[in-house]
2 protein chains.
Amino acid sequence: MKILIIEDDPSLLESMTAALKKDGHVVETASDYPSAIDRLGVYAYDCALVDIMLPGGSGLDILGYIRENCRKTNVIIISAKDSLDDKVKGLELGADDYLPKPFHLAELSARIRSVYRRSRNDGDFTYRAGNVVLDPDTNKVTVDGKDLPLLKKEFDILAYFMQRPGHLVDKEVLAEAVWGDHIDQTDNFQFLYAQVKNLRKKLQESGADIELKAVYGFGYKLKV
Amino acid sequence: MKILIIEDDPSLLESMTAALKKDGHVVETASDYPSAIDRLGVYAYDCALVDIMLPGGSGLDILGYIRENCRKTNVIIISAKDSLDDKVKGLELGADDYLPKPFHLAELSARIRSVYRRSRNDGDFTYRAGNVVLDPDTNKVTVDGKDLPLLKKEFDILAYFMQRPGHLVDKEVLAEAVWGDHIDQTDNFQFLYAQVKNLRKKLQESGADIELKAVYGFGYKLKV
DNA sequence: CTTCAATTATCAGAATTTTCATAATATAAC
DNA sequence: GTTATATTATGAAAATTCTGATAATTGAAG
């Protein structure tokens, strides 16, 4: 992706640039309001990282400018810790994400990846089946709009099926996808059965209208 | 890799072939002793999967032939369940691995991958530091030749360091490597500290002469 | 329709991992 | 060298995942 970082702290700017270049992105930078507007007028960036506190103008103004003029540019707001106000304002003004300082570069990478995934699917990308919505970016599941908290394995299993609704999924394939390479010598799927059981229970109790059907001798299938 | 499968059951042969081709290998097959010997005389395979029960001669004879004539070909013996005798004989005759029937194709893939890794490092590949030896294929650690049982996370952490002895490893980098992408918003490394603590304890109690040194503000370093 | 073997489900307990509260230690500022 | 602050360590509790024993269900065979 082509990314513009708008940040006035030189050392932070440098490490962010290095990290994102390492991730394979094309990175440009601006350290103040006017040069940011300048760059935004020249290129169509896929994503802009905007620090709120900037010399010569608030980052929120830049956000406003981007939303007016660069429809396809995703914006991630960066701002001091605990500044909930910035967050609220930023998201109201149409930021795609919000990253409080201080943050880890790994976290930055993850947010960028998330923005990237979403941009490739124009907008907020989620999987839907019946009244269940699963968001792979935030790891959240809702049933009729209501949050359904799932444990990690349960979520991974459900996510796998919701990417292939109605499709028969072999037990081995599922195990490999969810548990990865720690599965070895597998003749025993108790760990899978246990997780399936708990997932089913939570789905049912939450009123979900989808169901994990066992297919004797093969695996499972998600039925709406 | 170029793989020769020597197996007389047609349906098993077919599914094995499909699975290994899907993994990107070049696969050839033989269903009996003479045609196996024939193929082995023509090509230098990276790996041969040899069923023990074959029409026209035992797979063990083929194993013997390969060990005599094809020095670089790895051999994985395949044989009926619980036939411990075959396993012992096979490994004595120089097989590289042993896979009891029935097996899962995922397991077969894993064994092949393991053979592949090992072949790329000519022979049994392990990491060593001081009196500690770590085998990434079998997930086993020994100290002065004595087994040191480690839990999964502990093993993963140690493995990461033993691949980079003496090298400073950043906490974030380590966390990402061992825990994968479930690490998000990480400002809190308690989970890491806890595992490091347990790993250190086991290393120390086992008499290992290596040590995980904390580097204030950054991470850890493995010191022999 | 029974019977049987194989597969899947369930529950509870065990093992592992993570979190919490708190202590110890390292670095920097004085 | 003290003091203050951030970082790392520790033990115990909590949460999660896995395992074992056992029950229920499925599909096939008689």
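Here is a short chat about DNA strand C and a sheet of chain A in this predicted model.

Student: What makes the Tyr220(A) pair with DNA strand C a polar contact?

Tutor: A polar side-chain atom of Tyr220(A) sits 2.4 Å from a phosphate oxygen of strand C. The cut-off is 3.5 Å between N or O atoms, so the pair qualifies.

Student: And how do you know that Tyr216(B) makes one with a base nitrogen of DNA strand C?

Tutor: An N or O atom in the side chain of Tyr216(B) is 3.4 Å from that base nitrogen, and the limit is within 3.5 Å, so this counts too. Gln190(B) also has a polar side-chain atom 3.3 Å from a base nitrogen of the strand.

Student: Which elements give two or more residues to the surface near DNA strand C?

Tutor: Chain A supplies α8 and β11, while chain B supplies α6 and α8. By class, that surface has 11 nonpolar, 5 polar and 5 charged residues.

Student: On to the sheet. How do you know that β8 and β9 of chain A pair?

Tutor: They share 2 bridges, in the antiparallel sense. Pairing takes at least two bridges, so they pass. One partnership there is Val143(A) with Lys146(A).

Student: Why do β6 and β9 of chain A stand at the edges?

Tutor: The open sheet has 4 strands in the order β6-β7-β8-β9. β6 and β9 each have a single partner strand, so one side of each is left without a neighbour in the sheet.

Student: What lies across β6, β7 and β8 of chain A?

Tutor: Helix α6 of chain A, running at about 110° to β7(A).

Conventions. Residues numbered from 1 in each chain as written. Chains lettered and ligands numbered in written order. Predicted model: local features only at pLDDT ≥ 70, side-chain atom pairs only at ≥ 80, totals over all residues. Heavy atoms only, no water. Polar contact = N/O pair within 3.5 Å; in protein donor to acceptor, adjacent residues only side chain to side chain. Nonpolar A, V, L, I, M, F, W, Y, C, P; charged D, E, K, R; others polar. Contact = heavy atoms within 4.5 Å. Axes fitted to C-alpha atoms, helices over the stretch in contact; angles between N-to-C directions.
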